[in-house]
Protein chains: 2
Amino acid sequence: MTRLSEYLLPTEKQPPADAEAISHKLMVRAGLIRQLGAGMWSWLPAGWRVHERTVAIIREEMDAIGAQEMLMPVLQPAEPWRKTGRIGFDELFKLNDRKGSELVLAMTHEEAVTTHVSQIVRSYRDLPLILYHFQVKERDEPRPRAGVLRTREFIMKDSYSFDRDQAGMEERYELHVGAYDRMMQRTGLRFYRVEGDVGMMGGLGAHEYMAPCVAGEDEVALGDGYAANVGVALRSPDVTKDSETLMRGGEALRIEPAIEIGNIFKLGKRYSEPLGASFLDEQGAEQHVWMACYGIGPARIVAAAVEQYADEHGISWPRALAPFAVHLVALGKRGTPERDAADELYATLCDGGVEVLYDDRDLGPGEKFADAELLGCPLRLTVGRRSLESGEIEVQKRRGREQAPPIALRSEPAALFAAVDELWQSLP
Amino acid sequence: MTRLSEYLLPTEKQPPADAEAISHKLMVRAGLIRQLGAGMWSWLPAGWRVHERTVAIIREEMDAIGAQEMLMPVLQPAEPWRKTGRIGFDELFKLNDRKGSELVLAMTHEEAVTTHVSQIVRSYRDLPLILYHFQVKERDEPRPRAGVLRTREFIMKDSYSFDRDQAGMEERYELHVGAYDRMMQRTGLRFYRVEGDVGMMGGLGAHEYMAPCVAGEDEVALGDGYAANVGVALRSPDVTKDSETLMRGGEALRIEPAIEIGNIFKLGKRYSEPLGASFLDEQGAEQHVWMACYGIGPARIVAAAVEQYADEHGISWPRALAPFAVHLVALGKRGTPERDAADELYATLCDGGVEVLYDDRDLGPGEKFADAELLGCPLRLTVGRRSLESGEIEVQKRRGREQAPPIALRSEPAALFAAVDELWQSLP
């Protein structure tokens, strides 16, 4: 039950002065996010709905591969970070408690999860295991930028797999590739899975999930059946550089900017050795656990969806991520018959479980339509005086601002829900 | 779909050496939580399920009073904390970023939410407003203790109400009293709502929600129609002290230890004034917003439930919080007909949407029953060789370890679900 007259959706005509990225501009203008400080953002109610829809998709696909959800703390003792050598990372926030003990703020959770596993796992029978959580990460980012694209605090889903041997690790890794592919497909994003940089995590192989868009800080090299991070492509023996063009097997590779929205790494024993995560194998010999880690950022998925589908009027959500399915605009003022008709339609839609944002404010049509196009819900229904005359609810699909055939205003609820559902199914 | 052979539930025979509180001992022994450092805890999968059930109850009751969910960051600029004077609090973690800027880790979110409201709210038309989030809090607690009862990091649901005047604030406060009462009732906890200390938050009045139990650090004074924090009672003109006994209107008050699980405060303009949260009233005059804040700790609710209902065999969850409805114990080894019968029952229950933890491990009955009683799911179903002979599933209700009438092993699914549901409805 969401009435705009009571809902915190502070839309703005102007973007923040420092905003360059489309997602930064539009997410602030649409009232989805607000900045508290450099690289520190709050999600306002409508933005949080989109974030949590993304989280729900990720959770379902993680659970489907047998991953177990838990929660590990952000504030952590420094000691395990010393053992893994990551204590010296510039991005790691360090602080002292009132007794002077050194603490850190986790930027990922390898140290924590491996510490637990080292205490819990004893035998090959306790493996394999996939653990995950959605938890705040903190990074002392030198240049926070682009709204929620590069921040100092963000929520990440990070999962960790624990296996008896390399073959097991590969198997768990492949499970994640499948789960990540499905997540990405379900979000409605355009994306590439590319060969990734091993980077600061260390490891034996990696993939990145990249969403192409102009605000992207990364670059992907794309060819026929080939997709790689440009850095990786440049180091590949198959790829040559011909003046400014990358060539592979006689083909010129396209270069596209993209946002990294997920990454998966084969870690091997990178963390299990320094943190002593071992088990007794079937022969009774002590072995270190084989690990891999898998990250995905809901905030970046949200921002990438804004980047990929926005037009000059605002956001245009893929239906899987939309804050509301329907944006219902009442054109009539309180007390008019057309307003009563809109109120009634709103109540019926709510009863039917349709997620509706109801613009019941005392504003003119121009402002209401502008806010609806800015926020970008997939379907807009409008009820005004004309609806009473024609007996029809005006319908607009947000993507392409396409007028759809009207729905009868006095439909039976079942017919109304069927009409809305049919429209919904037709959306991207 | 949860099979104990694959589930991370590291039960222990012995509690941690330093544990005194029942909830600390049992939550670790039952495999629900693990310590990462002093006052820093992880929730393992079964514990996290209980935590999230608590969160779901809280969320439903918040949404029902029109509160709007959002998310604000943990890492924050120091400046607003300087303005409110809370920067000097010993419990506030402070740190510097790589450029030397001072940051803090939020212990509550008055500074953040009021900063946003000061930028967004302009007019009396924008009020009232109730905003909330579930977010990590950090506190530089000098003496972390008792498992998840007193930690340095924990999740709190904190909501904030914003009103035009004191009468509005009182109205929003009463809405919260109703919502909190319903939350507490739904959890199945025994609780008191008592007059509270205004304490470090400053303000015009407060209530605390207290769960009586021996591990409680607080004390409540209880009489006929009277319940107050002991500190508050001692300062009340109605209460006198007669040697060690508190007297009120001729009645001796009982003193009980209790855990504070929620607290609500009338803040007035305590934060809106220093942070400049104001609006134009109907006469066009600038007014400061009237605020109140409302906290509740899911982790403490979980621990209080353990404290209140545990027996010498382990935890006994109220059904609203249980990690699983049914703990299904298969006594037969893999390949036996009794094991096949248990497998089949498990599949049927899962298909029917019953939340089952299936003990399919190759262990003896003693260990399996001990783990089931330790974990404390409300219903235990047992399938062994005897079940095949008698055609009956053995049923135990965890609370009181009471044997319930058996269920026919070869029931039609509909009859099975009806029998389980009837049992479930009979539970506390």
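Biologist: Before we start, where do the domain bounds come from?
Modeller: Domain bounds come from an automatic or database domain assignment. Keep in mind that this is a predicted model.

Biologist: OK, so which domains does chain A get?
Modeller: The assignment gives domain 1, covering 2-309, and domain 2, covering 326-425.

Biologist: And how far apart are the C-alpha centres of those two domains of chain A?
Modeller: The centres of domain 1 and domain 2 of chain A lie 39 Å apart.

Biologist: How many residues does each domain put into the contact?
Modeller: Domain 1 of chain A brings nine residues, and domain 2 of chain A brings 10 residues.

Biologist: What kinds of residues are on the domain 1 side?
Modeller: On the side of domain 1 of chain A that touches domain 2, there are four nonpolar, three polar and two charged residues.

Biologist: New topic: helices. At what angle do α1 and α7 of chain A pack?
Modeller: Helix α1 (residues 22-29) and helix α7 (residues 298-309) of chain A pack at about 100 degrees, with their axes 9 Å apart. Angles from 65 to 115 degrees count as roughly perpendicular, so that is what we call α1(A) and α7(A).

Biologist: Which residues meet there?
Modeller: From α1(A) you've got Ile22(A), Ser23(A), Leu26(A) and Met27(A), and they meet Ala303(A), Val306(A) and Glu307(A) of α7(A). That contact divides into five nonpolar residues, one polar and one charged.

Biologist: Last one: what confidence scores does the predictor give?
Modeller: Chain A has a mean pLDDT of 95, with 99% of its residues at 70 or more. For the complex, the predictor gives an ipTM of 0.96 and a pTM of 0.96.

Terms used. Residues numbered from 1 in each chain as written. Chains lettered and ligands numbered in written order. Predicted model: local features only at pLDDT ≥ 70, side-chain atom pairs only at ≥ 80, totals over all residues. Axes fitted to C-alpha atoms, helices over the stretch in contact; angles between N-to-C directions. Helix = DSSP H or I, 4+ residues; strand = E, 2+ residues; numbered from the N terminus. Parallel < 35°, antiparallel > 145°, perpendicular 65-115°, else oblique. Contact = placed C-beta atoms within 7 Å. Nonpolar A, V, L, I, M, F, W, Y, C, P; charged D, E, K, R; others polar. pLDDT = per-residue confidence, 0-100.
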